[in-house]
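User: I like to see how a label is earned before I rely on it. Please take me through the terms for this model, friendly but strict.

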Amino acid sequence: MFVCLHNTYSAKQVEEFGRIAYGFDVNTIVVTKATASAAQSGIPTLHKMAYKLGKNVLFFEELDDAIEVLRPEKVFLIGNKSICDEKLDFNEVGENDLVVFCGASTGFTKLELEKGLGRYIVENEIGALGNLAIFLYEM
């Protein structure tokens with residue numbers, strides 16, 4: 001299973017995403033559409049963290065690139081209840097799936113939601129880091 005942080009501009013969010021994911025023993029983190037300080041300082045910090053822990057990190061310009069290269073069986077886009085229709089059933093997530101968390105406060109666009117299965121974990125908006133922590137704990 002791959003976890004992905006998509007559309008982030010915050011270096012701190014990238015770093016914390018890595019800390020949480022690697023803390024739950026995720027082997028590979030994917031980052032797509034990183035901009036601003038996320039791209040300038042967040043990505044190098046995450047890469048250094050991955051190297052020290054013997055983990056992997058992959059960066060792609062767009063979500064489509066990650067899907068093309070990784071070829072996941074299913075793509076889950078984790079958002080909030082206002083944009084995603086169904087609550088995530090943790091049993092439906094398999095080992096060859098890509099689970100994407102949106103780093104932007106605006107959430108996924110309609111076009112992005114068409115690339116996979118839109119799901120929410122909790123009814124309130126708690127952000128990518130909160131959703132990631134709950135997701136990995138439940139898995």
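Analyst: What follows goes from the whole chain to the sheet, the cores, one helix and a few backbone angles.

This is a predicted model: local features need pLDDT of at least 70 and side-chain atom pairs count only at pLDDT 80 or more, while totals for chains, interfaces and linings use all residues. Residues are numbered from 1 along each chain as its sequence is written, and side-chain values use heavy atoms, with hydrogens and water left out.

User: How many helices and strands are in the chain, and what makes a run count as one?

Analyst: There are five helices and seven strands. They are DSSP runs, numbered from the N terminus: H or I over at least four residues for a helix, E over at least two for a strand. Along the sequence they follow β-α-β-α-β-α-β-β-β-α-β-α.

User: Why is the chain called as compact as a globular protein of its length?

Analyst: The radius of gyration, taken over C-alpha atoms, is set against the globule rule of 2.2 Å times the number of residues to the power 0.38. The chain has 14 Å, close to the 14 Å that the rule gives for 139 residues, so the label holds. Its C-alpha trace spans about 35 × 30 × 30 Å along the principal axes. As for contacts (heavy atoms within 4.5 Å), residues 24 or more positions apart account for 78% of those with a separation of 6 or more.

User: What makes the seven strands one sheet, and which strands stand at its edges?

Analyst: Two strands pair if DSSP finds at least two bridges between them. Strand 1 has five bridges to strand 2 and five to strand 6, while strand 4 has four to strand 7 (residues 117-120), so each of these pairs passes the cut-off. The seven strands form an open sheet in the order 3-2-1-6-4-7-5, with parallel pairing. Strand 3 and strand 5 (86-87) are at the edges with a single partner each, so one side of each lacks a neighbour in the sheet. Some partners to look up: V3 with I29 in strand 2, C4 with V100 in strand 6, and I78 opposite R119 in strand 7.

User: Why are strand 1 and strand 2 called mostly covered?

Analyst: A residue is buried under 20% relative accessible area, exposed over 50%, and partly exposed in between (1.4 Å probe, protein chains only). Six of the seven residues of strand 1 are buried, and five of the seven in strand 2. Across the 139 residues of the chain, 47% count as buried. K33 lies in strand 2; at 29% relative accessibility, K33 is partly exposed.

User: What makes a set of residues a nonpolar core, and which have the most contacts inside the largest one?

Analyst: A nonpolar core joins buried Ala, Val, Leu, Ile, Met, Phe, Trp, Tyr and Cys residues through side-chain atoms within 4.5 Å. The largest has 27 residues, and V3, I29, F101, L132, F135 and L136 have the most contacts inside it. Among the elements supplying at least two residues each are helix 1 (11-23), helix 2 (36-53) and helix 5 (127-138). A second, separate core of 16 residues includes V30, L70, V75 and F108.

Beyond four places in sequence, L132 touches V3, F17, I20, A21 and F101. I20, with the same exclusion, is in contact with L129, L132, A133 and L136. Helix 5 lies across strand 1, strand 4 and strand 6, at about 150 degrees to strand 6; the angle runs from 0 to 180 degrees between N-to-C directions of axes fitted to C-alpha atoms, for helices over the stretch in contact.

User: How do you know that the buried residues of helix 3 line one face?

Analyst: In helix 3 (residues 63-70), L63, A66 and L70 are buried. They fall within an arc of 60 degrees seen down the axis, so they line one face; the arc is that of the directions from the helix axis to the C-beta atoms. The face turned away carries the exposed residues E68 and V69. The cover over the buried residues includes strand 3 (56-60) and strand 4 (75-79).

User: What makes the phi values of K33 and A36 stand out?

Analyst: Most residues other than glycine have a negative phi. K33 has a positive phi near 55 degrees, and A36 one of about 50 degrees. Just after helix 3, R71 takes a positive phi of about 50 degrees too.
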